[in-house]
Amino acid sequence: GGINIDVVRSFVDESFPTDDFLTQTVSFEQGMQLMDGNTALMFVRSRHGTNGESGDFARSRRQQLLIQAVKDKVLSFSTLTSPKKISSIFELLDDHVDTNISVWQALKLAEIAKSIDNENISRFVLDDSPGSLLEPMITEEGAYVLQPRNGDYNKLSSLIKNIFELNKIKDENAKIAIQNGTEITGLALYTYLYLEKINYNVISYDNAPSDDYQKTIIYDLTDGEKELTLEKLENDLDAYIAKDVPEYILQEYNLNATTTPSSLNNQPDIIIILGQDHANEFKIPEPKIETSTSTDEVIEEILED
């Protein structure tokens, strides 16, 4: 009967391979789609799609959507009440899965799995896009590999250990403003791209009044209301949470003792001033700006990617 997949964005792949070693054009429209097996395989195998859907990382995201759609279909009420369908699923899996779980045990587990809300499932794809945790390199043996951008696996390890916090951070929806307190051009932009990938809501990035900050500082304007976000930011940026907010910041964002960010439109809940310590740890890509290209155009390309 097919599976329902929510296509994130429309795309066209004019170079999808055929069984006779030629190519064909395949396309998908944004929104919920009912796909049969052949269409679903085209959806997850496409490598040359438009609209940001090219490459293996885009395929990984689509493969996660397919796995979730298969889970939803297998655990649907009609499937679980049909002995014939249950038997056919077990026969299908038999050649690919080694398990000592019996049919009745699988049914019990399926009933439990049915209660899991898809909104509570955390998905993440590690890639080498701007602001990501990985960067490409060529080894001495000539292999193309991805390695941690900052030189160690600490941030990768932290992300994996705390992946279920991503949805909670998104739910808190703390409005974050980033300021670059160093001389490193692009530090605020790439930090914004990094934080956005792990579900932080960054509403602005700019330069700080001075560029001589040695330590990254976090100013909380909510009096502890966004507790999880503060805790995670402190860990992700190895930052210091200041007890008092300087007067110049209050003036910059039109805040005083009687106003809060929640009472003002588009005002930050949290302000981060990046210091040299963050610049030393957070490696940003080498700039590749052509003389005929403006900085705004380069930033626009980065955000599109």
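Guide: Buried means under 20% relative accessible area, and exposed means over 50%. The model here is predicted.

Visitor: What share of the 305 residues of the protein counts as buried?
Guide: The cut-off is under 20% relative accessible area. The protein has 305 residues in total. The share of them that counts as buried is 36%.

Visitor: How many helices and strands does the protein have?
Guide: Both kinds of element are present. The counts are 12 helices and 11 strands.

Visitor: Among contacts between residues at least 6 apart in sequence, what share joins residues at least 24 apart?
Guide: A contact needs heavy atoms within 4.5 Å. Pairs at least 6 apart in sequence form the pool. Within that pool, the share joining residues at least 24 apart is 68%.

Visitor: Which are the edge strands of the open sheet of five strands?
Guide: The order is β8-β7-β11-β9-β10, with mixed pairing. An edge strand pairs on one side only. That description fits β8 (201-207) and β10 (240-242).

Visitor: By how many degrees are neighbouring strands of this sheet turned against each other on average?
Guide: The sheet is open and has five strands. Direction is ignored in this angle. The average turn is 25 degrees.

Visitor: How many bridges join β7 to β8?
Guide: β7 and β8 run parallel. One of the bridged pairs is Ala177 with its partner Ser204 in β8. The number of bridges joining β7 to β8 is six.

Visitor: In β11, which residue is the bridge partner of Asn180?
Guide: Strand β7 (residues 175-180) pairs with strand β11 (residues 270-274) in the parallel sense. Five bridges hold this pairing. Across it, the bridge partner of Asn180 is Leu274.

Visitor: Which residues of β7 are buried on each face?
Guide: In a regular strand the side chains alternate between the two faces of the sheet. In β7, six of its six residues are buried. One side has Lys175, Ala177 and Gln179. The other has Ile176, Ile178 and Asn180.

Visitor: Is Gln179 buried or exposed?
Guide: Gln179 is found in strand β7. Beyond its neighbours within four places in sequence, its contacts include Asp206, Pro209, Tyr253 and Ile272. Its relative accessible area is 2%, so Gln179 counts as buried.

Visitor: What is the relative accessibility of Thr191?
Guide: Thr191 is found in helix α8 (residues 187-197). Leaving aside neighbours within four places in sequence, Thr191 is in contact with Ile178, Leu237, Leu274, His278 and Phe282. Thr191 counts as buried, with a relative accessibility of 0%.

Visitor: Which residues in helix α9 are buried?
Guide: An α-helix has 3.6 residues a turn, so residues three or four places apart point the same way. Helix α9 covers residues 227-236. Its buried residues are Leu228, Thr229, Leu230, Lys232, Leu233 and Asp236.

Visitor: What phi does Asp238 take?
Guide: Asp238 comes just after α9. The sign of its phi is positive. The value is about 50 degrees.

Visitor: Is Asp223 buried or exposed?
Guide: Asp223 lies in the loop between β9 (217-220) and α9. Its phi is near 60 degrees, a positive value in a residue other than glycine. The exposed class starts over 50%, and Asp223 has a relative accessible area of 77%, so it is exposed.

Visitor: What is the phi of Phe21?
Guide: Phe21 sits in the loop between β2 (11-17) and β3 (23-28). At 78% relative accessibility, Phe21 counts as exposed. Its phi is positive, though it is a residue other than glycine, and is near 70 degrees.

Visitor: At what angle do α1 and α2 pack?
Guide: Two packed helices are described by the angle between their axes and the distance between the axes. In this contact, Ala40, Phe43, Val44 and Arg45 in α1 meet Arg59, Arg62, Gln63 and Leu66 in α2. By class, that gives four nonpolar, one polar and three charged residues. The axes are 8 Å apart, and the angle is about 145 degrees.

Visitor: How much space lies in the second largest pocket?
Guide: The pocket is lined by 36 residues. Closest to its centre are Val70, Val74, Ile89, Phe90 and Leu93. The space in the pocket is about 1,200 Å³.

Visitor: Which element supplies the largest share of the lining of the second largest pocket?
Guide: α1 (37-45), α2 (55-74), α3 (77-80), α4 (83-94) and α5 (103-114) each supply at least two residues. By class, the lining has 23 nonpolar, seven polar and six charged residues. The largest share is eight residues, and it comes from α4.

Notes:
Residues numbered from 1 in each chain as written. Predicted model: local features only at pLDDT ≥ 70, side-chain atom pairs only at ≥ 80, totals over all residues. Heavy atoms only, no water. Pairing = 2+ DSSP bridges. Helix = DSSP H or I, 4+ residues; strand = E, 2+ residues; numbered from the N terminus. Axes fitted to C-alpha atoms, helices over the stretch in contact; angles between N-to-C directions. 1 Å grid on protein atoms, 1.4 Å probe; cavity = no way out; pocket = protein on both sides within 12 Å on 5 of 7 lines; lining within 4 Å. Points joined across faces, edges and corners; volume = space filled by probe spheres on them. Nonpolar A, V, L, I, M, F, W, Y, C, P; charged D, E, K, R; others polar. Buried < 20%, exposed > 50% of the residue type's maximum accessible area, 1.4 Å probe, protein only.
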